Every structure is written in structure tokens, then in C-alpha cells.
Amino acid sequence: MKRFAAIALLAFALTFASHAFAIDPLPFQSNAERLRFQHLTSELRCMVCQDESLLASNADFAKQLRRQIFDQMQQGKSDKEIKDWLVARYSTFILYDPPLATSTIALWFGTPAIFLIGAGVVIVLLRRRARPAATITEESGEDW
Amino acid sequence: MNEVARKSIGRFVPLLVFAVLVAFFVVGLIWNQSHDARFVPSPLINKPAPAFNLPRLKQPATSISKASMLGKPYLLNVFASWCFACGDEHPVLMAYRDKFGIPLIGYDYKDKPADARAWLERHGDPYHEVITDESGVTALDFGVYGAPETYLIDAQGIIRYKHIGPLTPEVIAKDLQPKIDALQRGGT
């Protein structure tokens, strides 16, 4: 177990390490700042190569936006201010974590709704099955 | 309803569930084919265009700004000599430049001015004016993420329409030209 934890930790660290080396080096002043940058850019979509995050993408567009985000961090802007700046330009599509809005209601509540419907069906079926055996023998002519 | 009748309806439930699933998949497939996920609606529509002040391609000493363009509507077409799809769009722009009824301004995006000049000389120049954004910093304010992109900006400097990807005769006839005509008539 201890060994597994160590391997998992190493793998986890390496995924971040590969990101740190894959991209253009930015002059971070501290490790905390770098971690904040990596966390923020991993939550943002690279608009050009839509299945990659801004952190992982090597596209020119992603490089330029990383630089912008870095500069804004240096200016002391909060994560929310930076995200608002991006959303004003590229719409909420740039956020991997979609905000709750009328257009995203199905996304937010669709899965719980389907789960509840499924649970309802299962409960109804189980209740029927729990009926007295008499009704079942009555229908023994059924082919299923 | 007696027990037997209810049971025989019940046996169609799996089929019904399957039919609903198939309907979802079919709608998803059709939607995917008719929509390109790359084309994201711009949050800038019906908002003031960002301020810009960019050098002209042919007279780099002079520049064009948002303020200098106020007063009449115009089209801003983002292109670059390195942009493959811009080559597809180019003949359409050549054919429509005088049919739009408003100026067509080229926005040379992240491109070396010399390359853009050579590209326009080789293929022909559809633009009434070209401005250059070599660093692409101003383009960030426009939310440009891929060329070609086309913006319709009205006389008050407000973005009325944006198309991402090459303009085609169909897009112009269906979306762009009606919006231009509405602006020309003085509507919004």
C-alpha cells in the first residue's frame, strides 16, 4: 500500500513536471505562483485545439494567452478577474468548468434527473415484484 | 385495465427506452454534422468594438484607428498569409468586395507585413484598406483565435455580426448581406 502510494505520488508529480518542461519558460517568482498559474491554465480551454487545456497546448494561440495570463498575474489580478477578461473575449466556452446559466441547465441537472428517473423505475419494478405470489402464478401462461 | 393487459404493455417498455436512446443518438449525430464546434458565438456581438490603432499595410507610417473609422459601417476581415483557409476565402472576397456596399478592411493577423504584401500581390487584393497586427495583441481584444474571421462593425463602432471561418456565398447571402443591408437602411 505504501509502495502504491509512492508510485501514485510520483506519477502525479511527473504529470506536472512534464507540463512544466513542455511549455515556454515563464519567469515565475515563486513555486506557489507557478502552481497557481498551472492550476488556472489547466482549467482553461485552448480555443484553437479544443481538446487541450491552455496549460498543455503547444499552439501559438495558447502560448500568447499563457503570456497574457502570466502578465496579468504579475499585475496582481485575481483568478476571477483573469477569467472574466477571457470570458469577455472568448465566451464561457473557454472555461472547462461551465458556469450555471440557462444554456447549461441540462448540463448541470441532466445527469441527476436521469438518475432520479432511473431510481424511480427501479423502485416501482421492485415493489411490483414484491407482490403476493398468487398474482404471479395467475400469469404463469406468460412467456417471460 | 387487467393484469394481463398491463403486462403486455410492460413488455414494450424496453423497446420504448431503446427508441428514445436511438432518437438521442440520431439527433446528436445530425447536430454534430451541421454544427462545427469550433465556431463559438462571440460575446462581443452588439458590444462596442475594442479600440485599435494599427499601421496600414501599404503606408506603415500612417495608421487607422477605431475612432477614424466611426461614421459608416465596415467589414473587418482577419486574414494572414500563413492562413490556409484564407486562401479558400480569398476568391469569395474578390467577387464580393464591391457587392457588400460597405468598405472591406483587411486585418493582417500575426503576419510579417512583407509576407502579407507578397500574398496580396500574388492572389490579388480584395481589400479597400489593410491594417497590420504583427504581434496579435490587439486581436486578443477582438477575441480572434483563428483566421479567417469577419466582423461587421456599424457606424457607432458596435460589432453587429461575426463569422468565424471562411466566408462563403451561402453565408454572405443568408447571414451577412441581410445584416449589412439593415445597417444601410439605418436600422440596427
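**A helical chain A and a sheet in chain B**

In strand 4 of chain B, residue B:L104 sits opposite B:L75. That makes a handy way into this predicted model. The two strands involved are strand 3 (residues 74–79) and strand 4 (residues 104–109) of chain B, and they pair in the parallel sense over 5 bridges. To get from strand 3 to strand 4, the chain goes through helix 4 (residues 84–96) of chain B, and this β-α-β crossover is right-handed.

The next step along chain B brings in strand 5 (residues 129–133), which runs parallel to strand 4 and is joined to strand 4 by 5 bridges. Here B:G106 has B:V130 of strand 5 as its bridge partner. Helix 5 (residues 113–123) of chain B carries the chain across from strand 4 to strand 5, in a β-α-β crossover that is right-handed.

On its other side, strand 3 of chain B meets strand 6 (residues 149–153) of chain B, and this pairing is antiparallel, with 5 bridges. One facing pair here is B:N77 and B:T150, the latter in strand 6. Strand 6 of chain B then pairs with strand 7 of chain B, again in the antiparallel sense and over 5 bridges, with B:Y151 standing opposite B:K162 of strand 7. These two strands make a hairpin with 5 residues between them, and in this hairpin B:G157 takes a positive phi near 80 degrees.

Put together, the 5 strands of chain B form an open sheet in the order 5-4-3-6-7, with mixed pairing. Its edges are strand 5 and strand 7 (159–164) of chain B, each of which pairs on one side only. From one strand to the next, the twist averages 20 degrees. In general, strands of a sheet pair through backbone hydrogen bonds, in either the parallel or the antiparallel sense.

Being at an edge does not leave strand 7 of chain B out in the open: 5 of its 6 residues are buried, so the strand is largely enclosed by the rest of the structure. Helix 7 (residues 169–184) of chain B lies across strand 6 and strand 7, and runs at about 165 degrees to strand 7.

Then there is the question of what is packed inside. The largest nonpolar core has 52 residues, and those touching the most other members are B:F79, B:Y109, B:A147, B:L152 and B:I153. Helix 3 (residues 60–74) of chain A gives the most to this core, namely 6 residues. As a general point, nonpolar side chains tend to be buried together in soluble globular proteins. Looking beyond neighbours within four places in sequence, B:Y109 has contacts that include B:V78, B:F79 and B:A80, along with B:D133, B:G136, B:A139, B:V144 and B:A147.

Helix 2 (residues 13–34) of chain B offers another picture: none of its 22 residues is buried, and the helix is hardly covered. From first C-alpha to last, helix 2 of chain B reaches 32 Å, close to the 32 Å expected at 1.5 Å a residue.

Chain A, for its part, has 6 helices and 0 strands, following the pattern α-α-α-α-α-α along the sequence. Of its 144 residues, 14% count as buried. Among the contacts in chain A between residues at least 6 apart in sequence, 41% join residues at least 24 apart.

Conventions:
Residues numbered from 1 in each chain as written. Chains lettered and ligands numbered in written order. Predicted model: local features only at pLDDT ≥ 70, side-chain atom pairs only at ≥ 80, totals over all residues. Pairing = 2+ DSSP bridges. Helix = DSSP H or I, 4+ residues; strand = E, 2+ residues; numbered from the N terminus. Right-handed = clockwise from strand over helix to strand, strands pointing away. Axes fitted to C-alpha atoms, helices over the stretch in contact; angles between N-to-C directions. Contact = placed C-beta atoms within 7 Å. Core = buried A, V, L, I, M, F, W, Y, C linked by C-beta atoms within 7 Å. Buried ≥ 20, exposed ≤ 12 C-beta atoms within 10 Å, placed from the backbone. Expected span 1.5 Å × (residues − 1).
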